[in-house]
Amino acid sequence: MEHTPHTVSDVMTQTVVAIGQEAPFKEIVETMEQWKVSALPVLVGEGRVVGVVSEADLLPKEEFRESEPDRMEQLHRLDDVRKAGALTAGELMSSPALTVHAGDTIAQAARTMAFKSVKRLPVVDAAGLLQGIVSRSDLLKVFLRSDEDLAGEVRAEVVGRLFGDSAKDLQVTVADGVVTLHGAVRDPSLLPVAARLVRAVEGVVDVVFDVPGPAPARTGPPGAGPQW
């Protein structure tokens, strides 16, 4: 059975395109186009990440090309106005850089991306040196696990450990990432716990129960209601 990837190091890309602080505006655009990326880490010294330049940092130069912002716009968009006149990565970058560590969990990285509305994060070590990059698509790789692999992990790590001797009374099937537990349960109070543990298995889309009596109430995502 394939081991569940639990940390950023399991899914990150180690080959990273980066730039220095003195990289000029046009070089930044050309690098993004060449490598088909929407953001670039900015490095100093031996590879310490000090910022990130994204497409959003570059757009003000085009936005304010034909007209100067009025006084009210200048007051409310000081950062964008400044970036419209910027020439180098050091002037354009967002700093300090928003980063993650290779040992962070995939869930931690996903929360950071969601809360900060970013598409990718540089991965750094304890000294802030660049180790890789992780994107939204990287974090979604856990959902590529096969149904058979998920079923095996749920049987061994959840059903077997939680229900002990009565585990033989429960069958586990998985279809398109949705786990179904079938059979009799001697202690129904364990079902909400089982639901949380199954959903915690990376790659599981949701869990449903085919057992006598009422199914446990949903305890949270996935499948817990409208999602971001």
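I began with Phe25 and looked for a charge over its ring: in this predicted model, the charged end of Lys61 sits over that ring, 5.1 Å from its centre.

Both residues turned up again when I examined the helices, since I found Phe25 and Lys61 among the residues through which α1 and α2 meet. On the α1 side I noted Phe25, Ile28, Val29 and Met32, and on the α2 side Glu55, Leu58 and Lys61. Sorting the residues of this contact by class, I recorded 5 nonpolar, no polar and 2 charged.

I then looked up the geometry of this pair, and I found that the axes of α1 (residues 25–35) and α2 (residues 55–63) come within 11 Å and cross at roughly 125°. The two helices are therefore oblique to each other, and I entered the crossing of α1 with α2 as left-handed.

Next I turned to α8 (residues 147–163) and α9 (residues 191–199), whose axes come within 10 Å and cross at roughly 155°. Because angles over 145 degrees count as roughly antiparallel, I wrote down α8 as roughly antiparallel to α9. I noted the crossing of α8 and α9 as right-handed.

For the residues that make this contact, I listed Val154, Val158, Leu162 and Phe163 from α8, together with Leu191, Val193, Ala194, Leu197 and Val198 from α9. By class, I recorded 9 nonpolar residues in the contact of α8 with α9, with no polar and no charged ones.

Finally, I asked how many aromatic pairs a search of the whole structure finds. The search gave 0.

Terms used. Residues numbered from 1 in each chain as written. Predicted model: local features only at pLDDT ≥ 70, side-chain atom pairs only at ≥ 80, totals over all residues. Heavy atoms only, no water. Axes fitted to C-alpha atoms, helices over the stretch in contact; angles between N-to-C directions. Helix = DSSP H or I, 4+ residues; strand = E, 2+ residues; numbered from the N terminus. Parallel < 35°, antiparallel > 145°, perpendicular 65-115°, else oblique. Left-handed = near helix turned anticlockwise from the far one by under 90°. Contact = heavy atoms within 4.5 Å. Nonpolar A, V, L, I, M, F, W, Y, C, P; charged D, E, K, R; others polar. Phe/Tyr/Trp six-rings, centres within 6.5 Å; stacked < 30°, edge-to-face > 60°. Lys NZ or Arg CZ within 6 Å of the ring centre and 35° of its normal.
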